[in-house]
Amino acid sequence: MAFERTYNMIKPDGVRNRHVGDIISRIERVGLTIERMELTMVTPEQAAENYREHEGKPFYEGLISYITSGPVVKMVVSGENAVATMRKLMGATNCAQAAPGTIRGDFGLTVDENVIHGSDSVESAEREIAVFFGA
Ligand code: DAT
Ligand code: MG
């Protein structure tokens, strides 16, 4: 166990479908802390930086246009094991495979619009926090 910070983002479909309150409540219920939070648009530059590992893949252009299609809620979440705990709350990448009771399992149907982003490691988290909130 270790105290960690992670970067999370309720994606445009999650905001549009009014799941912000429910998602925030799940984060608080498990005992994690929301340190920073803002409703805002993702810029094309931030989208490209966040998803640079997927550049060139068939779904890349769709991913960038989806993430920039409407307001998101970006967050810094902290606590013991924050990275893995948020990944557990989120569920599998493809909502179709995500277990019931997870955010993606409960609020999404496809991999194209999968409700929430969460960092996959402490290193990615620090990089993503800098991309979205500045150094
Ligand atoms: P995660 O968001 O669970 O960390 P990832 O980092 O592998 O998953 O991919 C980033 C996002 O890219 C993911 O949330 C949705 C999209 N994506 C991944 N694989 C995809 C695919 N095969 N088809 C469409 N979108 C995909
Ligand atoms: Mg990822």
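Let's start with the company that ligand 1 keeps: around it are K11, Y51, H54, F59, L63, R87, T93, R104, V111, D112 and N114. This is a predicted model, and in it the space that ligand 1 takes is the largest pocket. Here is a short tour of the shell, the polar contacts and the pocket itself.

**The shell around ligand 1**
- Sorted by class, the residues of this shell comprise 4 nonpolar, 3 polar and 4 charged.
- Among the residues around the ligand are the charged K11, R87, R104 and D112.
- The nonpolar members include Y51, F59, L63 and V111.

**Polar contacts with ligand 1**
- The side chain of T93 has an N or O atom 2.5 Å from an oxygen atom of ligand 1.
- For R104, a side-chain N or O atom lies 3.0 Å from an oxygen atom of the ligand.
- H54 places a polar side-chain atom 3.2 Å from a ligand oxygen atom.
- Taken on its own, ligand 1 has 510 Å² of accessible area, and the protein covers 75% of that.

**The largest pocket**
- The largest pocket, where ligand 1 sits, holds about 490 Å³ of space.
- Its lining is made up of 23 residues, and those nearest the pocket centre are K11, Y51, H54, T93 and N114.
- Three elements give two or more residues each to this lining: α4 (60-67), β4 (116-118) and α7 (122-133).
- By class, the lining of the pocket counts 9 charged, 9 polar and 5 nonpolar residues.

**Where the two pictures meet**
- H54 and T93 lie nearest the pocket centre along with K11, Y51 and N114, and ligand 1 has K11, Y51, H54, T93 and N114 among the residues around it.

Notes. Residues numbered from 1 in each chain as written. Chains lettered and ligands numbered in written order. Predicted model: local features only at pLDDT ≥ 70, side-chain atom pairs only at ≥ 80, totals over all residues. Heavy atoms only, no water. 1 Å grid on protein atoms, 1.4 Å probe; cavity = no way out; pocket = protein on both sides within 12 Å on 5 of 7 lines; lining within 4 Å. Points joined across faces, edges and corners; volume = space filled by probe spheres on them. Helix = DSSP H or I, 4+ residues; strand = E, 2+ residues; numbered from the N terminus. Near = heavy atom within 4 Å. Polar contact = N/O pair within 3.5 Å; in protein donor to acceptor, adjacent residues only side chain to side chain. Areas by Shrake-Rupley, 256 points an atom, 1.4 Å probe, with all protein chains shown as cover. Sits in = over half its atoms within 2 Å of the grid points.
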